[in-house]
Amino acid sequence: MTDPFDQPLSRDNTCSVKFDACKAVFGREDVIPVWIADMDFAAPEAITRALTDRAAHPAYGYTLFPDSLYQSIIDWFRERHGWDIQREWILMAPGVVPSLHAACMAYAAPGEGVIVQPPVYPPFFSSVRLSGRSVIENPLVCDDAGQYRMDLEHLEACAARPDAKLLMLCSPHNPVGRIWSEQELEAVLDIARRHDLVIISDEIHCDLTFADKPQHRMLAALAKPDDALITAIAPSKSFNIPGLGLSALVIPDKERRDAIKEVFDSMHLPQCNPFSIAGFEAGYRYGGPWLDDLMVYVQKNRDFVVATVNARMPGIQTRAPEGTYLMWLDCRDLGLDDAALKRFFVESAGVGMNPGISFGDQGSGFMRLNIGCPKAVLAEVLKRIESALPGNRGVNG
């Protein structure tokens with residue numbers, strides 16, 4: 001029986017950023033796009049059905065957030081993550097990236113510091129800088145085996161700075177794929193308490209974990225009631241619906257909840273989209289079995305990439321991420337600078353990935369590979385890269 005995730009899904013001419021922007025991003029249209037973090041799989045049927053049912057009613061006016069939407073969040077995180085959320089803690093938001101911007105504006109004054117842990121998702125930097133705040137870098141530490149950890153001693157020093165007001169935590173971490181241990185998360189909470197630091201924890205990848213790796217712990221499930229913590233969540237990565245553009249913030253403290261709400265209100269955000277609401281709720285209500293099957297498939301893709309890269313691609317190494325469908329390729333032994341590295345993958349291999357340097361200086365020499373695609377696509381990506389490596393050009397076609 002054919003695995004449904006093996007089925008090819010053409011996304012050309014759908015206004016897909018991942019596919020239809022290839023020319024603009026990579027300078028050519030014939031690269032295989034394995035970059036931006038959405039998947040090349042059909043969303044769960046329940047979500048498509050919910051959108052179709054909503055479209056059947058031909059009025060698309062201003063829309064309220066229904067009680068059932070909030071309940072779907074509460075039920076999902078209680079059942080999947082052992083985290084009990086109260087209804088009044090939830091603030092709907094127009095996406096996690098806008099929430100990062102809003103958090104900077106709500107919890108740090110212009111010029112004050114926001115701590116980020118590079119290499120990290122690029123909007124962590126841009127949300128700080130574009131809001132007029134100052135980036136404080138607390139780089140992750142990578143050991144010889146390619147495993148990353150937090151530099152907690154340095155984080156303490158960063159948090160002790162009088163201008164440090166906010167920490168942006170990425171959990172699970174994009175791009176390095178770490179699922180932070182309970183001990184690491186407890187240490188982060190302790191540091192924040194000692195230095196009156198607000199934490200916004202981006203946990204948009206929290207559902208994307210593998211059976212053979214540590215399971216994700218929500219930071220809020222470990223927190224005390226009075227901790228200054230904002231948790232950003234969304235079903236967008238879990239069910240491949242990021243284009244619907246709806247997320248939620250869970251903020252137990254009313255004063256902090258009101259502070260970020262004021263920022264959204266000042267920009268007249270969010271304006272509720274009836275389709276976003278329908279897709280969001282359907283994912284959390286009915287998407288669990290699809291997600292479980294997805295992660296079995298993605299784990300096989302992950303293991304295929306690790307085995308192929310480490311055995312057949314001199315100059316490139318990788319390790320299995322603990323979470324997400326993103327892989328971090330260490331290409332430093334190829335001896336190329338970042339501009340040349342991007343040219344190699346685009347021009348020689350015909351593969352479009354995210355350059356590691358876009359995740360901060362600590363990403364120099366790395367590339368981020370999206371494995372959320374049919375295995376046949378991934379096999380062609382790896383074949384192209386292997387064939388383009390020095391000494392292999394012309395091999396394997």
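Visitor: Is A145 buried or exposed, and how should one read such a label?

Guide: The label rests on relative accessible area: buried is under 20%, exposed over 50%, and partly exposed in between (1.4 Å probe, protein chains only). A145 is exposed, at 55%. A145 sits in the loop between β5 (141–142) and β6 (148–149); helices (H or I, at least four residues) and strands (E, at least two) are DSSP runs, numbered from the N terminus. From A145 to A192 the C-alpha distance is 29 Å, and the two are 47 residues apart in sequence.

The model is predicted, so local features need pLDDT of at least 70 and side-chain atom pairs pLDDT 80 or more, while totals for chains, interfaces and linings use all residues. Residues are numbered from 1 along each chain as its sequence is written, and side-chain values use heavy atoms, leaving out hydrogens and water.

Visitor: How many salt bridges does the count give?

Guide: A salt bridge is a side-chain nitrogen of Lys or Arg within 4 Å of a carboxyl oxygen of Asp or Glu. The count comes to 25. In one of them, K18 pairs with D40, the closest N and O atoms being 3.1 Å apart. K18 is in helix α1 (residues 17–20) and D40 in the loop between β1 (32–33) and α3, 22 residues apart, so that the pair links distant parts of the chain. Both count as buried, K18 at 1% relative accessibility and D40 at 5%. R11, K18, D38 and D40 are linked in a network of salt bridges.

Visitor: Which residue forms a salt bridge with E322?

Guide: The partner is R178, with closest N and O atoms 3.0 Å apart. E322 lies in the loop between α12 (288–312) and β11 (326–330), and R178 in the loop between β7 (164–170) and α8 (182–194), so the pair ties together parts 144 residues apart in sequence. E322 is buried at 11% relative accessible area, and R178 counts as buried at 7%.

Visitor: Where is a partly exposed partner to be found?

Guide: R332 is partly exposed, with a relative accessible area of 47%. The side chains of R332 and D330 meet in a salt bridge (2.7 Å, N to O).

Visitor: What surrounds R257, leaving aside its neighbours within four places in sequence?

Guide: Contact means heavy atoms within 4.5 Å. R257 is in contact with E88, W89, L91, I251 and P252. R257 belongs to helix α10 (residues 254–266). R257 is buried yet has no salt bridge.

How values were computed:
Lys and Arg count as positive and Asp and Glu as negative; His and the chain ends are not counted.
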